[in-house]
Amino acid sequence: MVIRRVLAPRIDFAALRRELKLPEEYPAAALREADAAAADPPRPATDLTDIPFVTVDPAGSRDLDQAMHLSRRAGGGYRVRYAIADVAAHVRPGGALEEETWRRGQTVYLPDGNVPLHPETLSEGAASLLPDAYRAAVVWTIDLDADGGTTAVVLERALVRSRAQLDYVGVQAAADAGKLPEPIALLPELGARLTARGLRRGAINLPLPEQEVERDGDGWQLVLRGPVAMEEHNAQISLLTGMAAADIMLAGRVGLLRTMPAAKPEAVQRLRTAAAPLGVPWPDGAGPGEVIAALDPAQPRAAAFIDQAAELMRGAAYTAFDGEPPQQPEHGGVAAAYAHVTAPLRRLADRYATEVCLALHEGRPVPEWARAALPRLPEVMATTDRTASAATRGAVELTEAVLLAHRVGESFDAAVLDVDAPPNGRSRPRPPGGTVALDAPPVRARCLGDLPLGERVRVRLVTADPAARTVLFEHA
């Protein structure tokens with residue numbers, strides 16, 4: 001759902017691209033390999049084209065990694081079929097294209113055009129699960145009981161054909177009208193069950209609205225979006241698959257996990273302490289995830305509490321292992337062991353983790369090209385994660401500064417999301433302040449002054465510098 005949008009003038013993101021040293025053209029040899037793979041696509045022996053898969057992605061997406069089909073099993077359980085683009089079938093180990101994807105690591109999204117992991121002839125063409133196209137996929141078939149617990153997992157390469165390309169907003173409208181397409185008609189029911197299971201085991205989800213920059217004619221829109229319910233349900237299918245992949249790799253004693261330490265008790269206690277002043281109920285026995293799930297993030301005090309809860313979600317990493325499983329294999333936000341396997345068009349790590357899962361599931365040796373890559377992947381993914389995050393945030397900061405450059409001195413209504421911690425004697429003193437979120441335009445920025453956490457305040461714009469991508473307010 002779009003909460004707010006504001007039109008900004010023309011913006012040049014070229015400086016941000018140069019600053020982050022984002023790659024431009026693909027090497028000629030890599031392009032030749034991609035074109036050759038696109039011209040001669042793989043045809044897996046197993047044919048699942050009779051299953052009416054559909055994709056659900058942001059509107060306008062062309063790099064479609066996943067397609068889904070849900071059905072009910074006898075006895076009230078569920079069958080999830082999740083087709084994932086078979087990128088490894090298109091990229092030759094040891095070739096120029098594989099080498100270039102290691103340099104890129106992942107797709108970087110910018111308002112004026114993406115920097116894709118794979119050439120568009122694959123990422124938006126021959127490897128993408130576009131509607132009405134025959135595509136090679138890795139299909140996860142996961143059987144669940146009536147409560148959403150996994151009872152069986154089958155993994156195979158297969159030929160698939162998506163029937164429709166759906167988007168989150170349209171799917172939400174169809175769900176609200178009770179007219180979801182048959183392949184995903186069970187998604188609200190199953191998504192709710194999987195969410196409930198996650199909360200019971202201690203999972204934490206932070207439903208914060210996201211700032212996005214979108215093209216609008218000759219200008220740009222700064223948009224604040226809150227997640228729609230169907231987007232969250234869709235994410236549960238990806239989480240389900242990632243947990244199944246982690247279980248396969250842990251049982252086989254080789255793989256690549258997405259890990260994060262569980263929240264420390266003292267961090268949970270600090271969050272619990274912040275709940276009362278913000279008017280957030282914390283029932284006895286409830287975990288942080290359950291408390292957050294009951295809140296409306298559109299309310300300033302709830303948004304401030306959720307912002308504080310982000311402190312629980314620190315230390316995410318990729319953890320490779322070969323032999324002894326890691327001492328800490330779980331992801332604290334998922335509250336289970338978890339792996340990235342559902343976005344291989346956009347993330348390098350998924351290609352190799354998927355190949356490990358296929359080999360282990362089929363009882364054959366893990367290919368050496370995949371096994372040898374595992375210990376190198378955590379560093380590459382950490383580096384490119386930082387680059388992708390910097391690109392996303394830099395684009396928003398630039399747009400915010402351009403949007404507000406002519407409004408220095410004006411006052412705005414805002415909600416206080418965060419306040420600085422008091423100095424501890426070791427850090428350099430700085431003026432008191434925190435983070436505020438404006439009502440309009442949808443800007444989130446630093447504000448100086450004594451700020452009441454979770455309250456609405458009036459703030460005055462003192463700096464909006466597009467060259468430095470800096471916006472600063474002070475408490476009016």
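**Entry 1: a starting residue**

In which strand is the place of Arg-258? I looked it up in this predicted model, and Arg-258 belongs to strand S9, which runs over residues 254-259.

Next I asked myself: is Arg-258 buried or exposed? With a relative accessible area of 14%, Arg-258 counts as buried, because the cut-off is under 20%.

Then I listed its company, skipping neighbours within four places in sequence. Arg-258 is in contact with Ala-316, Ala-317 and Tyr-318, then with His-331, and further along with Tyr-338, Ala-339, His-340 and Asp-385. I also took one C-alpha to C-alpha distance: Gly-332 is 74 residues from Arg-258 in sequence, and the two are 10.0 Å apart in space.

**Entry 2: the whole chain**

I stepped back to see the overall fold. I find 13 helices and 17 strands in the chain. The C-alpha trace spans about 70 × 55 × 50 Å along its principal axes.

What radius of gyration does the chain have? I get 23 Å, and a compact globule of 476 residues would come out near 23 Å, so the two agree.

Of the 476 residues, 51% are buried. I also checked contacts with a separation of 6 or more: 73% of them join residues 24 or more positions apart.

For the surface, I note about 21,300 Å² exposed by the chain, with carbon and sulfur atoms supplying 51% of it. On charges, I have 52 positive and 62 negative, and their mean positions are 2 Å apart.

**Entry 3: domains**

How is the chain divided? I have domain 1 in two pieces, 6-261 and 320-399, with domain 2 at 266-308 and domain 3 at 406-475. I took the C-alpha centres of domain 2 and domain 3, and they lie 22 Å apart. The contact takes seven residues from domain 2 and nine residues from domain 3.

**Entry 4: helix H10**

How many residues of helix H10 are buried? I count eight of its 10 residues, so to speak of residues 300-309 as mostly covered is fair. The buried ones are Pro-300, Ala-302, Ala-303, Ala-304, Phe-305, Ile-306, Asp-307 and Ala-309.

I then looked for what covers them. The cover includes two helices, H8 (265-275) and H9 (288-293), together with strands S13 (411-419), S15 (444-448) and S16 (456-465).

**Entry 5: helix H3**

I moved on to helix H3, residues 96-104. Its buried residues are Leu-97, Glu-98, Glu-100, Thr-101, Trp-102 and Arg-104. I note that both Glu residues named there, as well as Arg-104, are buried.

Which helices are among the cover of H3? I find H2 (28-39), H4 (120-126), H11 (348-362), H12 (368-373) and H13 (377-404) included. After H3 comes Gly-105, and I noted its phi as positive, near 80 degrees.

**Entry 6: a residue in H11**

Helix H11 turned up in the cover of H3, and I picked His-361 from that helix. At a relative accessible area of 32%, His-361 is partly exposed, because the value falls between the 20% and 50% cut-offs.

Which residues does His-361 touch, leaving aside neighbours within four places in sequence? I have Val-153, Val-154, Leu-155 and Ile-248 in contact with His-361. Leu-155 and His-361 are 206 residues apart in sequence, yet their C-alpha atoms are 6.8 Å apart in space.

Definitions and conventions: Residues are numbered from 1 along each chain as its sequence is written. This is a predicted model: local features need pLDDT of at least 70, side-chain atom pairs count only at pLDDT 80 or more; totals for chains, interfaces and linings use all residues. Side-chain values use heavy atoms; hydrogens and water are left out. Helices (H or I, at least four residues) and strands (E, at least two) are DSSP runs, numbered from the N terminus. The radius of gyration is taken over C-alpha atoms; the globule rule is 2.2 Å times the number of residues to the power 0.38. Buried means under 20% relative accessible area, exposed over 50%, partly exposed in between (1.4 Å probe, protein chains only). Contact means heavy atoms within 4.5 Å. Accessible areas come from the Shrake-Rupley method with a 1.4 Å probe; for residues, only the protein chains shown count as cover. Lys and Arg count as positive and Asp and Glu as negative; His and the chain ends are not counted. The place of a charge is taken as NZ of Lys, CZ of Arg, CG of Asp or CD of Glu. Domain bounds come from an automatic or database domain assignment.
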